[in-house]
Amino acid sequence: MEPVSAFVNLYNNFFFIALPYIAVIVFLVGTIYRYRSTSFGFSSLSSQFLEGKKLFWGSIPFHIGILVVFLGHLTAFLLPKETLLWNSEPIRLIALEVTGFIFGLSVLFGLVSLFIRRISNARLRVVTSKMDIIVELLLIAVVILGCWIALGYRWGSSWFAADLSPYLWSIVKLSPQIDAVSAMPVVIKLHIILAFIIMLLFPFTRLVHFLVAPLHYIVRPYQKVVWNWDRKAIRDPNTPWSPTPPKNN
Amino acid sequence: MDVRSQVSMVFHLDKCIGCHTCSIACKNIWTDRKGAEYMWWNNVETKPGTGYPGKWENQDIYKGGWEKDGDSIALKGAGKKKGLLNIFHNPNMPMIDDYYEPFTYKYLDLIESPASDDQPTARPVSLITGKPIDIKMGPNWDDDLSGTPDYARNDPNLEGLTPAEQDAMFQLEKMAFFYLPRICNHCLNPACVAACPSGAIYKRGEDGVVLINQDVCRAWRMCVTACPYKKSYYNWNNGKSEKCILCYPRIEAGFAPACMHSCVGRIRYLGVILYDADQIESAASADESELVDKQLDMLLDPYDPEVIKAAKANGVSDSTINAAQGSPTYKFVKKWGLALPLHAEYRTLPMLFYVPPLLPVMASVTEVSKDQNDNLNPIAKQWTDSWLYDTSTEELWGTIDQARLPLKYMANMFGAGDESKIKGQLQKLMAVRIYRRWKTVGDISEEKVNEVLKDTNLTAELADEIYNLTSLAKFDDRFNVPPAHREQAIEMLEFAGDEKGSTGFGIKEKVQRGL
Ligand code: SF4
Ligand code: SF4
């Protein structure tokens, strides 16, 4: 084998086989460990209390945009056939691509506003950690690459479903097939690599608040009263005494 | 009947001297930490005034509490729909500047600055950025009516008063004010609990204390919006909301909360009240005119055998039932009808009650005739000239209507806008005074006193009881809450000193800002 292609092989193997597995394992172990042992640190760390006006122009476009874009990626990954079927009609393909691109720009706009807001406000600098900056820059890079790909390498929603979804599934199925991804242009490769790096760093950042999105709020009753013991049983002499006090809430 | 127990406080506003000792006691124990400097779980406001955070009572600005929504009620600025839609940016959230930017002074500069022709100064610096700031606001910025044109004049409770009435309140010679100490009301229909998307806030079944689980709070900040009293605060440093915990670690151990224990004026009373939780919904969604009455109807007679039976079936312990029977707050609120909830119109069913102040009503000085002056009991005759601190006018009830703080103003705070509530209550307070004056000074006829007592549905015994608990009560009379049962240990009994500077109890990890 030639030295160059050996190097390329090594490089592809590392970034598209080793890195994904490391990222997934760190993500799973990291978030579960963090949630179970240090849940105090689980917070969206909102800074709205210190600055609320500029936040509007950053937080809203960013969050709405990233939700849509993320769901788009997720759909193409989970339902590649359906995505391709949808895209078989050019109008629908273009509608999908345009929507994705607009929300991608919205993410970018939001992130840049948030970044400027963070570094230009003295109060906010106090509540900004190094990790916040790293995540912010990584996200900006990923989104710029993503928008570039959407413009320059059409039609992403189709080739994602056709080529990348099988690759991601091969990772899930523990038999990585990296031929397709190895042949991708470098911009796309970088986008993928950065995405895995974000996944890797996820448990060590404020991004964890995404995992505790309060969806259960929709179904719970408004009021919440907590008894430490079964109040109907507590005065009953037959209720056995328990040596372990209940953990409240 | 779903009988539950609630630890409830009464504030006797006539006795508050506005010393802020309560606030300091609370701050020293709970909130002298980074991110919490600006929080005053207990604060004392001058009324009329805009309070802390500025104009907190104006729900058009802050969107706190519940509002009527057909037959039911809905949160005004939060809730499932509004809360989740606004989660990325909450338009109804108060900002740090609505409270104030916490500050300290560079005291060291006073000592360390080199000798010069000028006095050294200690500049104020922000406790957030550490940079010098101009102080624009503080937690009691409008204390004692300072800055009246900007603050007292903008008191939201002036709503419904004519401009003439308002002007009359602020004539220099006639100005009157009183103090309003505030902590979390540990409501029966808490808006903060309902607004929390994470479900981190809950009401303890055993004693009704409303707490935020710090491990579950995710900084969605909806409680800050929802609490109409602005008593849930966002810690800007560690990204968790915090609020008054009614010193539950102290209460569980049988001690009074710090604010109460340190109260110089001894204005606070703490006791257990039994209530019927089945009525919460209907009481909270009652018509505005019925809100106060319906809330008071929920509170149950702790001597009623039915109530005791139902309480026991519900797991309320004997010590709690005993305490409810000796509860000073029950007496003020139900037996004597002297204490009212603050801003019942927010519909959170607040369980802290206030005895509205009579003093500014009465504090007028009148000239008495020579005759009257000669007839005075020597004890009352402290004035060499013929000026008298007027409490014995012929028209006994007249003075209440001509109060220097208009009844409407008081009613906006304590009666959900209904003046008759305040009037009856102030008349009772007045009757007790007249009765005591008859006893100690003796310049009022017995006939008159009996008439007054009859008018206010009081008896001599009741008047004595009220007088005793108001003026002479010892600590144990004012504080009657049983310690928690160890076998039912509630949160955790730990030594408060060990936890000082941390976020609280039961958290074993280092309390620090998340990544
Ligand atoms: S006063 Fe206390 S219990 Fe009531 S809504 Fe506000 S924070 Fe919640
Ligand atoms: S310590 Fe008592 S008297 Fe002093 S301000 Fe507080 S409530 Fe009023």
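Analyst: Start with classes. Ala, Val, Leu, Ile, Met, Phe, Trp, Tyr, Cys and Pro count as nonpolar, Asp, Glu, Lys and Arg as charged, and the others, Gly among them, as polar. The model is predicted.

User: How do the residues of the shell around ligand 2 divide by class?

Analyst: That shell has 9 nonpolar, 4 polar and 1 charged residues. Of the 14 residues around ligand 2, the nearest are B:Cys16, B:Cys19, B:His20, B:Cys22 and B:Cys263. Cys is on the nonpolar list, so B:Cys16, B:Cys19, B:Cys22 and B:Cys263 count as nonpolar. His is not listed as nonpolar or charged, so B:His20 counts as polar.

User: What surrounds ligand 1?

Analyst: The residues are B:Cys184, B:Asn185, B:His186, B:Cys187, B:Pro190, B:Ala191, B:Cys192, B:Val210, B:Cys227, B:Tyr229 and B:Lys243. By class, 8 are nonpolar, 2 polar and 1 charged. Lys belongs to the charged class, so B:Lys243 is the charged one.

User: What makes the pair of B:Glu101 and A:Arg123 a salt bridge?

Analyst: The rule asks for a side-chain nitrogen of Lys or Arg within 4 Å of a carboxyl oxygen of Asp or Glu. In this pair, the closest N and O atoms are 2.7 Å apart. That value is within 4 Å, so the pair qualifies.

User: Why does the pair of A:Arg123 and B:Glu101 join two chains?

Analyst: A:Arg123 lies in helix H5 of chain A, while B:Glu101 sits in the loop between helix H4 (96–99) and strand E5 (103–105) of chain B, so the pair joins two chains. Across the interface of chain A and chain B, the rule finds 3 salt bridges. Over all chains, the structure holds 21.

User: How many residues does each chain bring to the contact?

Analyst: Chain A brings 58 residues and chain B brings 73. Each counts because it has heavy atoms within 4.5 Å of the other chain. The area buried between the two chains is about 5700 Å², and carbon and sulfur atoms give 55% of it. A:Phe40, A:Phe49 and A:Arg235 supply 18% of the area that chain A buries against chain B, more than any other three residues.

User: Which polar contacts and helices belong to this interface?

Analyst: The rule finds 32 residue pairs in polar contact across the interface of chain A and chain B, with both residues at pLDDT 80 or more. On the chain A side, helix H1 (3–37), helix H2 (53–78), helix H5 (122–126) and E1 each supply at least two residues. H2(A) gives the most, with 7 residues.

User: How do you know that E1(A) and E8(B) pair?

Analyst: Pairing needs at least two bridges. E1(A) and E8(B) have 2 bridges in the parallel sense, so they meet the rule. A:Val225 stands opposite B:Lys203 in E8(B). Strand E8 (residues 201–204) of chain B also pairs with E9(B), in the antiparallel sense over 3 bridges.

User: What makes E1(A) and E9(B) edge strands?

Analyst: Each pairs on one side only. The order of this open sheet is E1(A)-E8(B)-E9(B), and the pairing is mixed.

User: How do you know that strand E1 and strand E12 of chain B pair?

Analyst: They share 9 bridges in the antiparallel sense. The rule asks for at least two, so they pair. In E12(B), B:Leu270 is the bridge partner of B:Met9. Both strands belong to an open sheet of 5 strands in chain B, with the order E13-E14-E1-E12-E17.

Conventions:
Residues are numbered from 1 along each chain as its sequence is written. Chains are lettered from A and ligands numbered from 1 in the order in which they are written. This is a predicted model: local features need pLDDT of at least 70, side-chain atom pairs count only at pLDDT 80 or more; totals for chains, interfaces and linings use all residues. Side-chain values use heavy atoms; hydrogens and water are left out. A residue is near a molecule or strand if one of its heavy atoms lies within 4 Å of it. Helices (H or I, at least four residues) and strands (E, at least two) are DSSP runs, numbered from the N terminus. Buried area is the accessible area (1.4 Å probe) that two parts lose on being put together, summed over both. A polar contact is a pair of N or O atoms within 3.5 Å; within protein, one must be able to donate a hydrogen and the other to accept it, and residues adjacent in sequence count only if both atoms are side-chain atoms.
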